[in-house]
Amino acid sequence: MKLRVTLVLVSCILSILTGLVLSRQSGPQSTTSKKRSRPLIGLSMDTLKEARWQGDRDMFVKQANDLGADVEVLEANSDDTRQIKDVEALITKGVDALVIIPHDGAACAKAVELSRQAGIPVLAYDRLITNSDLDLYMTFDNVKVGELQAKFVADEFAKTSGKKRLVRIYGSKTDNNASLFKQGQDNIISPLVEKGEIEVVHEDWAQDWRPENAKKIANAAITKAAAAPGALPFDAILASNDGTAGGAIQALLEEGLAGKIIVTGQDADEAACQRIVAGTQTMTIYKPLKELASKAAEAAVRLAQRRPVIAKAELDNGKVKVPSIFLEVVSVTKDNLKDTVIKDGFLKEDRVFSAQ
Ligand code: GAL
């Protein structure tokens with residue numbers, strides 16, 4: 001009890017002095033964990049379908065192992081009931097800290113509640129869990145992701161005169177990030193729509209971020225545009241990530257339109273960067289996953305050892321002000337692929353340029 005009071009006091013003084021926020025402190029370590037020589041961290045993932053998440057998992061586990069901790073990974077295959085069961089299983093296993101990548105940011109509040117009852121601290125990884133007693137949230141500047149995607153399209157549009165027609169493919173409605181990406185895009189696009197410079201001819205949300213769902217949205221947009229033979233049905237697709245961009249480009253390929261229409265993305269995954277080299281995708285957003293995964297592993301180990309984590313920001317998730325860490329993102333086109341994802345060792349040059 002005395003330690004908790006001291007920590008709360010320290011956190012208040014620190015946050016007043018430095019604006020830094022100490023992670024919220026969950027309950028004391030359980031007896032099982034006290035006996036354990038190495039901290040055990042539970043990692044509950046929404047999906048491993050996208051290349052991105054396989055990278056997050058591998059880099060997180062490696063960093064945690066290097067820090068002397070073990071990690072138990074469970075994947076929910078985009079099923080909310082399954083994800084709650086996964087968290088229950090990790091709690092029963094007596095993990096010292098939980099890291100959750102929620103399929104549904106609202107539905108996962110239940111998982112946080114169960115963890116809190118068990119006195120286990122929870123870190124929300126990349127995606128926010130709303131209305132819950134989260135200990136820590138670590139992600140990228142997601143609004144900026146959307147702004148950079150939309151700014152790229154707007155700058156391209158500005159190179160030629162005339163009103164432009166835009167298709168918008170948002171992410172999964174259950175993912176809080178999808179709304180943040182849209183918010184960032186709106187910050188740039190809405191004023192141009194109001195000025196009559198851009199017309200949004202079709203827009204929709206791609207359930208579970210599935211490429212096949214994005215393809216359906218692009219197909220619907222092409223049908224709706226009913227362009228005259230040889231004419232472009234629209235000028236750009238503002239796709240919220242590389243997976244949905246890939247699905248949309250499949251639809252363009254089938255219509256002989258690939259490479260003629262601007263397509264955005266996010267995640268800088270290998271397939272997307274190959275498409276950028278081939279010219280069918282125009283840009284993506286690089287999010288240095290190694291930084292997020294390793295910093296999150298460090299934080300999770302500290303939470304597991306009931307040691308404070310310093311966060312420079314906080315975010316209101318509807319229930320508490322969650323201590324938060326936001327990392328920077330980079331816009332990537334054919335011109336700076338080598339200076340970004342290749343230079344960082346995120347992707348291999350020969351594989352990315354193999355399509356050339
Ligand atoms: C978002 C994530 C993106 C994207 C998407 C699909 O939450 O921030 O990087 O990959 O999920 O999984």
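Phe-346 is partly exposed in this predicted model, with a relative accessible area of 23%. Its ring pairs with that of Tyr-286. The two planes are tilted, 50 degrees apart, and the centres lie 5.0 Å from each other. Tyr-286 belongs to strand E11 (residues 284–286). Phe-346 sits in the loop between helix H12 (338–342) and helix H13 (349–352). The partners are 60 residues apart in sequence, so the pair ties together distant stretches of the chain. Tyr-286, at 5% relative accessibility, counts as buried.

**Aromatic pairs and charges over rings**

The whole structure holds four aromatic pairs. Another of them joins Phe-181 and Trp-209 in an edge-to-face arrangement. Here the centres are 6.0 Å apart and the planes meet at 65 degrees. Phe-181 lies in helix H7 (residues 176–194). Trp-209 lies in the loop between strand E8 (198–205) and helix H8 (211–225). The separation in sequence is 28 residues, so this pair also ties together separate parts of the chain. Phe-181 and Trp-209 are both buried.

Two lysines sit over aromatic rings. The charged end of Lys-182 is over the ring of Tyr-170, at 5.2 Å from the ring centre. Lys-338 lies over the face of Phe-353, with a distance of 4.9 Å to the ring centre.

**Overall build**

The protein chain contains 13 helices and 15 strands. Of its 356 residues, 53% are buried. Among contacts with a separation of 6 or more, 72% link residues 24 or more positions apart. The exposed surface of the chain is about 15500 Å². Carbon and sulfur atoms supply 54% of that area.

**Cores**

In soluble globular proteins, nonpolar side chains tend to be buried together. The largest nonpolar core in this chain has 50 residues. Those with the most contacts inside this core are Phe-60, Val-99, Leu-123, Tyr-125, Leu-136, Met-138 and Leu-166. Helix H11 (residues 289–304) gives the most to the core, with 10 residues. Apart from this core lies another, of 21 residues. Its members include Ala-111, Ile-120, Leu-134 and Tyr-137.

Tyr-125 shows how parts of the chain meet. Leaving out residues up to four places away in sequence, Tyr-125 touches Arg-52, Trp-53 and Asp-56, among others. Its contacts also include Val-99, Ile-100, Ile-101, Pro-102 and Met-138. Leu-289, Leu-292, Ala-293 and Ala-296 are further contacts of Tyr-125.

Ser-44 shares some of these neighbours. This serine is part of strand E2 (residues 40–45). Its relative accessibility is 0%, so Ser-44 counts as buried. Beyond four places in sequence, Ser-44 is in contact with Val-99, Ile-100 and Ile-101, among others. Leu-74, Gln-83, Asp-86, Val-87 and Leu-90 are also among the contacts of Ser-44.

**Cysteines**

The disulfide count is zero. Cys-108 is buried, with a relative accessible area of 2%. Cys-273 is buried too, at 0% relative accessibility.

**Unusual backbone and buried polar residues**

Most residues other than glycine have a negative phi. Ser-78 has a positive phi of about 55 degrees, although it is not a glycine. Asp-267 is likewise not a glycine, and its phi is positive at about 105 degrees. Ser-78 is placed in the loop between strand E3 (70–75) and helix H4 (80–92). Asp-267 occupies the loop between strand E10 (262–263) and helix H10 (270–278).

Asn-213 is placed in helix H8. Setting aside neighbours within four places in sequence, Asn-213 is in contact with Ala-206 and Gln-207.

How buried are these polar residues? The table lists their relative accessible areas.

| Residue | Relative accessible area | State |
|---|---|---|
| Ser-44 | 0% | buried |
| Ser-78 | 19% | buried |
| Asp-267 | 9% | buried |
| Asn-213 | 17% | buried |

Buried means under 20% relative accessible area. Ser-78, at 19%, therefore counts as buried. Phe-346, at 23%, does not fall under that cut-off and is therefore partly exposed.

Definitions and conventions
Residues are numbered from 1 along each chain as its sequence is written. This is a predicted model: local features need pLDDT of at least 70, side-chain atom pairs count only at pLDDT 80 or more; totals for chains, interfaces and linings use all residues. Side-chain values use heavy atoms; hydrogens and water are left out. Helices (H or I, at least four residues) and strands (E, at least two) are DSSP runs, numbered from the N terminus. Buried means under 20% relative accessible area, exposed over 50%, partly exposed in between (1.4 Å probe, protein chains only). Contact means heavy atoms within 4.5 Å. Accessible areas come from the Shrake-Rupley method with a 1.4 Å probe; for residues, only the protein chains shown count as cover. A disulfide is a pair of cysteine sulfur atoms within 2.5 Å. A nonpolar core is a set of buried Ala, Val, Leu, Ile, Met, Phe, Trp, Tyr and Cys residues joined through side-chain atoms within 4.5 Å. Rings of Phe, Tyr and Trp (its six-membered ring) pair if their centres lie within 6.5 Å; planes under 30 degrees apart count as stacked, over 60 as edge-to-face and the rest as tilted. A charge sits over a ring if NZ of Lys or CZ of Arg is within 6 Å of the ring centre and within 35 degrees of the ring normal.
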